[in-house]
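Please walk me through this structure, taking the reader from its main pocket to a pair of helices that meet.

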Amino acid sequence: MFNSTTLEVAIGMAFIYLLLSLFCTAFNEAIAGVFGSRAKNLERGIQSLFTDGLLSPGGEDGKGGVAPAITLTEAIYDHGLVQSLYRSTASEHATGVLSRFGTNLPSYIPSRTFSSALLDVLFPQTTATVGGNPTNLAGMLAELEKLPDSKAKQAVCTLVKQAGGNMAATRQAIEAWFDDGMDRAAGWYKRKTQFVLFAIGLVIAVGLNVDSIAIGRTLWISPALRSYSVAAAEQYARTQGGITPKASDDLSELESLSLPIGWNPARYPWMETRTEGSASSQQFSRSRLLVVLTGWFLTAIAMTLGAPFWFDLLNQIMVIRSTIKPQEKSNPEASKDPQS
């Protein structure tokens with residue numbers, strides 16, 4: 001099905017995509033760190049659990065002022081167990097001022113911490129009693145009835161009823177509920193990351209002229225370059241042993257392959273040479289431009305798969321090549337069975 005040339009081209013292409021994906025991943029992580037994308041995604045996930053449910057509806061504070069409404073999400077983030085996860089300065093802790101924007105929000109909250117904070121917010125008196133006593137059910141439901149009607153109230157009431165008022169069982173149910181919500185939030189973040197990687201990959205493809213079609217064609221027709229790419233991929237897999245992003249090293253490795261990457265001001269890829277008599281000239285070709293655009297698009301699409309995908313695929317193709325290449329080099333032995 002596959003011959004040695006096909007596999008070597010596949011190894012070369014996977015190696016190139018791996019190097020580019022590592023660079024895109026490093027750039028994406030830098031962007032996520034600056035804008036606090038993981039922390040904001042976590043907050044969005046917690047908000048989806050509570051669906052804007054309120055802990056306090058607000059109103060008059062008894063001192064002639066107006067108390068603001070407090071959502072369950074705000075109550076969780078304001079809890080001491082969660083505040084200890086914030087990245088903030090000592091002065092912010094001293095004044096109680098913690099920014100809800102940028103990178104101050106935690107990017108990860110353990111399910112145990114979340115459940116402890118939520119139980120303390122909802123049942124400040126009940127959690128102080130005998131935790132495993134099933135007779136806590138009536139008291140817990142009474143506390144929940146004080147909350148404004150919302151989907152969050154309905155969800156927590158359901159969990160408490162299913163646990164029968166047992167605090168340990170309620171804690172486990174809340175942790176499972178939180179983990180399910182975080183799995184959903186992780187899916188959101190993954191899809192968003194794929195869009196970002198596509199945008200970064202497209203910029204790199206155009207900026208560096210990384211045309212997948214041109215690279216694949218060059219590897220196919222050049223045995224020497226193909227062999228060098230395979231050797232470089234094998235060496236990289238042995239020495240790296242993982243997919244830790246090293247942007248500068250990866251670009252240097254890519255440059256050393258001497259592939260048709262980069263711009264040549266003397267000849268753009270969408271120009272073709274046309275000869276008329278003894279004179280030749282460079283003329284614009286719409287078909288060539290379409291091929292180049294397709295090659296750039298394929299490169300950007302490959303970046304959305306991520307470095308782990310290309311690293312695993314590269315190793316798998318190498319294993320397949322190592323098993324079939326000896327068979328190609330050896331001639332089939334004659335049958336030793338006597339002819340009838």
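**The pocket and a helix pair**

In this predicted model, the largest pocket has a lining of 27 residues, and those that lie nearest its centre are Arg 38, Ala 186, Tyr 189, Lys 190 and Thr 193. The elements that each give two or more residues to this lining are helix 1 (4-35), helix 2 (37-50), helix 9 and helix 14 (307-329). Helix 9 gives the most to the lining of the largest pocket, contributing 10 residues.

The volume of the largest pocket comes to about 610 Å³, and the residues of its lining divide into 14 nonpolar, nine polar and four charged.

Helix 9, which spans residues 167-207, also takes part in a contact with helix 8, which spans residues 151-163, and the axes of these two helices come within 8 Å and cross at roughly 135°. Because angles over 145 degrees would count as roughly antiparallel and those from 65 to 115 as roughly perpendicular, this crossing makes helix 8 oblique to helix 9. The crossing in which helix 8 passes helix 9 is right-handed.

Looking at the residues that form this contact, the reader will find Ala 155, Val 156, Leu 159, Val 160 and Ala 163 on the side of helix 8, where they meet Ala 169, Thr 170, Ala 173, Ile 174 and Trp 177 of helix 9. Sorted by character, the residues of the contact of helix 8 with helix 9 comprise nine nonpolar, one polar and no charged, whereas the lining of the largest pocket includes four charged residues.

Methods: Residues are numbered from 1 along each chain as its sequence is written. This is a predicted model: local features need pLDDT of at least 70, side-chain atom pairs count only at pLDDT 80 or more; totals for chains, interfaces and linings use all residues. Side-chain values use heavy atoms; hydrogens and water are left out. Axes are lines fitted to C-alpha atoms, for helices over the stretch in contact, and angles run from 0 to 180 degrees between N-to-C directions. Helices (H or I, at least four residues) and strands (E, at least two) are DSSP runs, numbered from the N terminus. Angles under 35 degrees count as roughly parallel, over 145 as roughly antiparallel, 65 to 115 as roughly perpendicular and the rest as oblique. A crossing is left-handed if the near helix is turned anticlockwise from the far one by less than a right angle, and right-handed if clockwise. Contact means heavy atoms within 4.5 Å. Ala, Val, Leu, Ile, Met, Phe, Trp, Tyr, Cys and Pro count as nonpolar, Asp, Glu, Lys and Arg as charged, and the others, Gly among them, as polar. On a 1 Å grid over the protein atoms alone, a cavity is a set of points where a 1.4 Å probe fits but cannot get out, and a pocket is an open set with protein on both sides within 12 Å along at least five of seven lines; lining residues have an atom within 4 Å of a point. Grid points are joined across faces, edges and corners, and a volume is the space filled by probe spheres set on the points.
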